[in-house]
Amino acid sequence: MTAPVTPTHCPYCALQCGMNLTPAPGGGVAVTERADFPVNRGALCGKGRTAPALLSSRVRLTSPLVRTGGVLRPAGWDEALSRTAEGLARARADHGPDACGVFGGGGLTNEKAYTLGKFARVVLGTSQIDYNGRFCMSSAAAAGVRAFGLDRGLPFPLEDVPRTGCVILVGSNLAETMPPALRFVTELRENGGTLIVVDPRRTRTAEQADLHLAPRPGTDLALALGMLHLVVAEGRTDAEYIRDRTSGWEEARAAAMAHWPEYVERITGVSVPELRAAVRMFCEPENAMVLTARGPEQQSKGTDTVSAWINLCLATGRSGRPLSGYGCLTGQGNGQGGREHGQKADQLPGYRKLTDPAARRHVAEVWGIDPATLPGPGRSAYELLDAMGTDIRSLLLMGSNPVVSAPRAAHIEGRLKSLDFLAVADVVLSETAALADVVLPVAQWAEETGTTTSLEGRVLLRRRALSPPEGVRSDLEVLHELAALLGVEKGFPTDPEEVFEELRRASAGGPADYSGITYHRLAKENGVFWPCPAEMSPDTGPAAPETAPGRGGPTASARGSGQGGTGPEGTCPDAVPADPLTDPVAPDTNPVVAGPVDGGDGSGGGGHPGTPRLFLDRFATEDGRARFVPVSHRPVAEEPDDEYPVLLTTGRVVAQYQSGAQTRRVDELNAAAPGPFVEMHPRLAERLGAADGDAVTVVSRRGRAVAPARITTAIRPDTVFMPFHWPGVGRANTLTNPALDPVSRMPEFKACAVRVETAPED
């Protein structure tokens with residue numbers, strides 16, 4: 001008998017790499033290659049390959065915990081849920097609904113994110129909900145909305161990248177953060193295209209570049225403006241495109257012309273010849289792209305920084321054209337879908353605005369409530385966490401670990417401890433969960449079905465391959481039970497497909513329209529790109545792909561190594577029987593054409609195939625034009641001085657992920673990356689008298705961290721780098737600055753002033 005194979009997706013980053021799960025000897029599942037998924041074609045990084053290790057009861061929670069006498073002890077579900085409901089109800093009764101906070105995560109499925117937002121607003125009546133994705137993609141999202149009228153990380157599929165002429169990769173280390181994606185830029189160069197990498201460190205990705213620009217941290221905005229200045233000065237603008245497809249050019253042009261090359265060299269440290277070379281490489285090919293990641297985005301001016309790179313694309317006629325344009329490399333597993341369906345402070349499902357009366361009416365009708373009862377926008381993520389213990393007295397937290405991941409983390413840890421009540425739903429006992437009054441153990445990626453939306457805007461189906469351990473429940477079951485205990489007995493189903501059907505209705509007509517997407521269709525078509533406002537008719541099937549990018553239809557116009565691995569034996573339940581959703585799926589057949597099939601208006605006939613490529617006809621603004629935004633350089637919120645003379649920047653390493661709550665529990669990954677370090681240039685090390693491996697102390701105005709020195713010429717002499725995956729004395733986010741971008745409310749993770757000292761011997 002052939003063992004059942006469950007096609008699904010990796011639980012980690014926004015690539016959402018395809019993988020197959022098969023029963024492993026002794027129980028649990030093993031990862032095997034899934035070559036039909038076009039993003040990774042079977043290749044996986046070490047995190048994806050070892051993901052089943054987290055299904056082991058040895059490393060995860062399998063029973064609720066409640067705090068008694070200051071100590072967490074095992075408890076039954078009835079007690080844990082009752083304590084949670086009581087804690088939330090007490091805060092609401094004593095201090096009002098906004099005394100209840102809800103904090104979500106970019107790893108939650110669309111169904112969970114949608115239900116969490118609904119729970120906060122309908123059951124608790126609170127405006128105080130946000131999620132950790134605010135710390136990841138919010139600046140790019142804000143810049144995309146104000147330029148294009150729509151935020152979808154990539155407005156084109158990754159398969160377009162190797163076919164363009166030049167890619168500027170800004171603040172992304174794909175080789176370590178998304179290893180399977182590196183092949184797209186490798187293929188770009190094999191096809192004759194060029195790669196420019198902008199990063200203060202010579203990373204593994206920068207080593208692949210034709211040109212590496214190493215600006216001082218926090219100066220990406222000036223760099224983009226300097227390049228636009230040269231585009232204008234050298235006559236490389238696309239005047240016809242600017243006239244026909246954009247607005248606001250004169251103001252943006254004037255702002256850029258104030259940033260002449262020599263001035264930009266003084267700010268950034270990037271030489272004028274390097275600037276001119278970058279402009280030439282970007283402008284000479286017929287097609288080119290700019291892709292940004294956390295480097296330019298996690299700044300107190302991140303929105304303006306991304307806007308400057310978008311302006312460069314618009315001035316050269318790139319955006320909204322085949323094989324060209326601007327895109328954001330979304331980071332978290334459901335970082336795209338997680339910011340579309342209601343767990344953000346200012347948002348309703350379908351990427352609707354909470355302040356829009358029509359949006360409130362539509363969603364309220366789906367939810368069966370009075371629109372007047374919907375609360376307004378609440379605090380952003382850092383501001384919500386900072387208000388704990390004062391305005392916010394109780395918190396329900398799902399899928400996040402701010403003790404490690406938040407800026408000024410020691411302060412946030414103190415705010416969490418000051419709450420009257422904290423409940424955490426998570427897979428493992430994270431550093432944040434260890435502070436909770438109640439800990440609720442929840443199911444993982446392989447134990448439940450649900451959807452995610454990748455960095456391409458491709459909605460995907462994760463399939464359940466095995467049952468969770470006894471004592472573990474799904475997040476949907478947790479929210480269903482809590483809603484009932486708090487007096488709302490209907491409207492919170494536990495079946496993910498039923499939740500998705502409601503999400504479809506709630507998103508219908510919104511910018512992120514999922515109404516034409518069904519579970520059956522996702523299984524059949526290997527994912528569907530949103531917006532997709534109409535189902536395919538049963539006898540039509542997915543449209544055949546074209547050989548070259550086609551013309552966008554009405555929807556686009558309106559809106560825009562495969563090695564196996566096993567977990568520990570004998571610790572996971574047997575695989576569940578196969579069902580229709582676990583049948584093998586066909587190779588990717590998503591069409592290139594963005595418009596409807598046969599029906600003409602997307603509402604009938606053949607239905608809608610989804611929208612792999614946005615903006616080919618018009619942008620999602622009222623007049624259909626992309627908007628230039630005039631921006632100017634400004635310094636980081638905390639410049640170096642005599643007391644703190646060095647800049648700290650932070651990031652990831654290949655073997656760990658986000659706060660490390662999961663990956664630090666996988667032996668193979670820990671062996672590859674066992675702890676934090678401080679990367680520094682030999683000149684700085686010589687001044688300190690530090691040798692490679694010596695313990696050094698990094699001090700900022702917010703605290704200190706201690707970690708071994710890693711000495712390398714791959715970093716600027718005025719900069720140190722620390723990865724942020726670890727708690728304790730090496731916690732990088734003890735040091736980081738919570739200065740917020742005025743538009744996106746993104747903290748400035750990527751640049752703060754520090755001093756480095758040799759650590760005293762024990």
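## Exercises on a predicted model

At 5% relative accessibility, F749 counts as buried. The structure is a predicted model, and the exercises below work through several of its parts.

**Exercise 1. The pair at F749**

Task: Determine which residue forms an aromatic pair with F749, and of what kind the pair is.

Solution. Begin with the cut-off: a residue is buried under 20% relative accessible area. F749, at 5%, therefore counts as buried. The ring of F749 pairs with that of F135, 5.5 Å centre to centre, with 70° between the planes. Planes over 60 degrees apart count as edge-to-face, and the pair of F135 and F749 is given that class. Finally, check the partner: F135 has 4% relative accessibility, so F135 is buried too.

**Exercise 2. A link across the sequence**

Task: Describe the aromatic pair of F119 and F492 and state how far apart in sequence the parts are that it ties together.

Solution. The count of aromatic pairs in the model comes to 12. In the pair of F119 and F492 the ring centres are 6.3 Å apart and the planes meet at 80°, which is edge-to-face. Next, locate the two residues: F119 belongs to helix α3, while F492 sits in the loop between α18 (475–485) and α19 (496–507), so the pair ties together parts 373 residues apart in sequence. Both F119 and F492 are buried. Aromatic rings also group beyond pairs: F148, F615 and F619 form one cluster.

**Exercise 3. Strand β6 and its neighbours**

Task: Work out how strand β6 (residues 100–104) is enclosed and which strands pair with it.

Solution. Take burial before pairing. Five of the five residues of β6 are buried, so the strand is largely enclosed by the rest of the structure. In a regular strand the side chains alternate between the two faces of the sheet. In β6, C100, V102 and G104 point one way, and G101 and F103 the other.

Now take the pairings. With strand β16 (residues 394–398), β6 pairs in the parallel sense over four bridges, and V102 stands opposite L396 there. With strand β7 (residues 129–131), β6 pairs in the parallel sense over three bridges; here G104 stands opposite Y131. From β6 the chain passes through helix α3 (residues 110–124) to β7, a right-handed β-α-β crossover.

**Exercise 4. Pocket and cavity**

Task: Characterise the lining of the largest pocket, then that of the second largest cavity.

Solution. The largest pocket holds about 700 Å³ of space. Its lining has 27 residues, of which V145, Y351, R352, K353 and P511 are the closest to the centre. The elements that give two or more residues to this lining are α4 (138–148) and β15 (352–353). Helix α4 supplies the largest share, four residues. Sorted by class, the pocket lining has 12 nonpolar, seven polar and eight charged residues.

The second largest cavity holds about 110 Å³. Of its 16 lining residues, P155, F156, G320, S324 and L614 are the closest to the centre. The classes in the cavity lining are nine nonpolar, four polar and three charged.

**Exercise 5. A tryptophan in a loop**

Task: Place W726 in the chain and decide whether W726 is buried or exposed.

Solution. W726 lies in the loop between β28 (719–723) and β29 (737–740). Its relative accessible area is 7%, so W726 is buried. From W726 to S659 the distance is 6.5 Å, C-alpha to C-alpha, while the two are 67 residues apart in sequence.

Conventions. Residues numbered from 1 in each chain as written. Heavy atoms only, no water. Buried < 20%, exposed > 50% of the residue type's maximum accessible area, 1.4 Å probe, protein only. Pairing = 2+ DSSP bridges. Right-handed = clockwise from strand over helix to strand, strands pointing away. 1 Å grid on protein atoms, 1.4 Å probe; cavity = no way out; pocket = protein on both sides within 12 Å on 5 of 7 lines; lining within 4 Å. Points joined across faces, edges and corners; volume = space filled by probe spheres on them. Nonpolar A, V, L, I, M, F, W, Y, C, P; charged D, E, K, R; others polar. Phe/Tyr/Trp six-rings, centres within 6.5 Å; stacked < 30°, edge-to-face > 60°.
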